[in-house]
Amino acid sequence: MMEVPILREIFPLYLLQGLFSLHFMMSLFMHRMQHFLLQPKDTNMPMKLVYMKNILISWDFLLVPVHLMQFPNISLKVSMSRLKNICFPKTENERCLILYMNHSSILLPITHNIVPGHLLNSYSMDQHGDNLRVATTNSAQWGLNEHGQYTQITYNSNQLIILSLASAKSMEGSAGVTVMSEVGKIDANKGIGLKDEKIYAIRFLGNVGFIVTFRQTDPFYTLDLSTPNNPRVIGELKVSGFSSYLHPIGPDNSLILAVGQEADKETGRILGVQISLFDVSKLDEPKLLHRHVIEESTEQYSSSESLYDYHAFRYLPLSKALILPISLIDYDNDGVDDSMDGFSVFSVNEIYGINHMMDISHIDAVEKESSRCWYSELLPTRSLVFSGKLTTIKGHTVINTDLTSGKEIWTYNPDKNLDTGKEKCFPW
């Protein structure tokens, strides 16, 4: 039973793509709206939010993407005209949050509110009890000043807003739409980020929260959310670079494992992928325990899909191993090319730090299969572990590796038998 959602995650369905044209006005309208869904009441589960993204728009209807297949019997249509009557942001710096309920297999909007700023990703919203926590960034504005000069008028700023979902519960089964009331707030320029910084990573965990902002340095903030009407920033740690994804590990989530990019402390120039381990056992005194930077010299540059796609991130809590997709370009003239495109495995230990264990090169796998065909369709970057065997998926290859010895077990190359003379397939 567990294989089905895993396969859906590795090979997402795109059945709805191309079926409807995207109209500019509808895209602009939807860009200012965020949608989320209440878990149907008849599933015998607590009320749960599901973040809805990559929404396809036709002129008349909102279509929920097929990756919401956990609701197979829902009629995936909501009238756009009704949405516009419910909630319509008036400026580019506003987002409308709309909550839906599955009612008789039809999605019905039941509550909403407008919040300032834009959301970074699905971790920007979180349901806790009867409240919805939302962290947003107000984008800097540019324009003419009083002297007629084109310049920056306002700076990036960030806020946290807590909204009540109590009214949504009371509307179950009805056709009305309520407004989520504001419970608490950390105002812009009141503790989340330095001047002109924006949110780069966020994670809510029960009564606490963690936010990373960045412009030249990486302030790592800890938040006390135990009192919804009085959320507070209680800890701050300034380190170089920034984190893009925060992953709780350790007993009672007392450690945060983060992946991001290192940056020059003086200029803020991005240097490459870094992995950090934070101690948050004392929220008012967060500490950076360890940091590992992929590059070994200034003549190298690295990147990772996990910086923007957290499904590419894999942490194994029992073996304390981190698996990341890594692309490394080596510009050194030392006669040795250390470039690599594949996955790297790291050990993560509170005492001994973050240490490199092995690399799994997907470029080498292509060379072994002697296939020199390239085309634009790519496999999603993912890793899976079953019984000590690591399967990595990236680009055009799938590789199975023994996680203990690092020995390759098998390789699958879907390009192997492609005809290089056919359209969309190019020799390289």
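A residue is called buried when its relative accessible area is under 20%. In this predicted model, 49% of the 428 residues of the chain count as buried. The chain exposes about 21,800 Å², and carbon and sulfur atoms supply 53% of that area.

The chain has five helices and 33 strands. Its contacts can also be viewed by how far apart the partners lie in sequence: among contacts with a separation of 6 or more, residues 24 or more positions apart account for 52%.

The aromatic rings offer examples of such links. The structure holds 10 aromatic pairs. One of them joins Tyr245 and Tyr310, whose ring centres are 6.0 Å apart; because their planes meet at 15 degrees, and planes under 30 degrees apart count as stacked, the pair is stacked. Tyr245 belongs to strand S19, which covers residues 242-249, while Tyr310 lies in the loop between strand S23 (300-303) and strand S24 (314-316). The pair therefore links distant parts of the chain, with the two residues 65 residues apart.

Tyr245 has a relative accessibility of 7% and therefore counts as buried. The ring of Tyr245 also pairs with that of Phe313, with the centres 4.8 Å apart. Here the planes stand at 65 degrees, and since an angle over 60 counts as edge-to-face, this pair is edge-to-face. Again distant parts of the chain are linked: Tyr245 is in strand S19, Phe313 is in the loop between S23 and S24, and 68 residues separate them. Phe313, at 6% relative accessibility, counts as buried. Ring pairs join Tyr123, Tyr245, Tyr310 and Phe313 into a cluster.

An aromatic ring may also have a charged side chain over its face. Lys195 lies over the face of Tyr155, at 4.3 Å from the ring centre.

A glycine provides a further point to examine. Gly260 is located in strand S20, which comprises residues 255-263. Is Gly260 buried or exposed? Its relative accessibility is 0%, so Gly260 counts as buried. The C-alpha atoms of Gly260 and Ser243 are separated by 3.9 Å, although the two residues are 17 residues apart along the chain. Ser243 is also one of the residues in contact with Gly260 when neighbours within four places in sequence are left aside. The other residues on that list are Phe242, Ser244, Gly272, Val273, Gln274 and Leu307.

Definitions and conventions
Residues are numbered from 1 along each chain as its sequence is written. This is a predicted model: local features need pLDDT of at least 70, side-chain atom pairs count only at pLDDT 80 or more; totals for chains, interfaces and linings use all residues. Side-chain values use heavy atoms; hydrogens and water are left out. Rings of Phe, Tyr and Trp (its six-membered ring) pair if their centres lie within 6.5 Å; planes under 30 degrees apart count as stacked, over 60 as edge-to-face and the rest as tilted. Helices (H or I, at least four residues) and strands (E, at least two) are DSSP runs, numbered from the N terminus. Buried means under 20% relative accessible area, exposed over 50%, partly exposed in between (1.4 Å probe, protein chains only). A charge sits over a ring if NZ of Lys or CZ of Arg is within 6 Å of the ring centre and within 35 degrees of the ring normal. Contact means heavy atoms within 4.5 Å. Accessible areas come from the Shrake-Rupley method with a 1.4 Å probe; for residues, only the protein chains shown count as cover.
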